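Here's a quick tour for anyone meeting this structure for the first time. Have a look at it, and then we'll walk through how the pieces fit together.

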Amino acid sequence: MRGRVLADGIANGTALVLEQPLSLWGGIDPATGSIIDVRHPQLGRSVTGRVLVMGAVRGSSSSSSILAEAVRAGFAPAAILLGEPDLILAVGAAVAEELYGIRLPVVQLPPAELKTIPDGAPVSVGEGGEVTVG
């Protein structure tokens, strides 16, 4: 699969497919990588080192700072795959690269392709938005 690059980079990890949208602000703890939104069905799961797969996000402009802080602390996802574009997460990835020299790819895939990624599958994200599952 090839998606629209919102933040370029290379990453490998196990897919964490979220059942519902998530705002990173108030949704994850950047100091642990755990989902802390008490209304989210995957409360307590860790995003650390995972390829986070989300059809959509619940927006907050503060999500960019939470993502950058999670990168700094070493508890960020390896990559983020989205069904809808989210420039706030792209900004967070750009800030993390600028401040900490760490690239976190953010790629938008067509929703039908995104839905083919099973939870727990190995996923590779390459330069230019290439996504390989399995």
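Let's start with one pair of residues: Ser124 has Thr132, in β7, as its bridge partner. Keep in mind that this is a predicted model. The strands behind that pair are β6 (residues 122-126) and β7, which run antiparallel to each other and share four bridges.

Helix α2 (residues 87-100) packs on the sheet, and its direction makes about 55 degrees with that of β1. The strands that α2 touches are listed here.

| Strand touched by α2 | Residues |
|---|---|
| β3 | 51-54 |
| β4 | 79-82 |
| β5 | 106-108 |
| β1 | 4-7 |

Now for the whole sheet. It's an open one with seven strands, ordered β1-β5-β4-β3-β2-β6-β7, and the pairing is mixed. Why do β1 and β7 each have one side without a neighbour in the sheet? They stand at the edges with a single partner strand each, so there is nothing in the sheet on the other side. On average, neighbouring strands are turned by 30 degrees against each other, ignoring direction.

What about the inside? The largest nonpolar core has 25 residues, and Met54, Ile80, Leu104 and Val106 have the most contacts inside it. At least two residues of this core come from each of β1, β3, α1 (63-73), β4 and α2. Helix α1 gives the largest share, with five residues.

Zooming in on Ile80, and skipping its neighbours within four places in sequence, you'll find contacts with Leu52, Met54, Leu67, Leu89, Leu104, Pro105, Val106 and Val107. There's also a second, separate core of 14 residues, with Ala11, Val107, Ile117 and Val131 among them.

Notes
Residues are numbered from 1 along each chain as its sequence is written. This is a predicted model: local features need pLDDT of at least 70, side-chain atom pairs count only at pLDDT 80 or more; totals for chains, interfaces and linings use all residues. Side-chain values use heavy atoms; hydrogens and water are left out. Two strands pair if DSSP finds at least two bridges between them. Axes are lines fitted to C-alpha atoms, for helices over the stretch in contact, and angles run from 0 to 180 degrees between N-to-C directions. Contact means heavy atoms within 4.5 Å. A nonpolar core is a set of buried Ala, Val, Leu, Ile, Met, Phe, Trp, Tyr and Cys residues joined through side-chain atoms within 4.5 Å. Buried means under 20% relative accessible area, exposed over 50%, partly exposed in between (1.4 Å probe, protein chains only).
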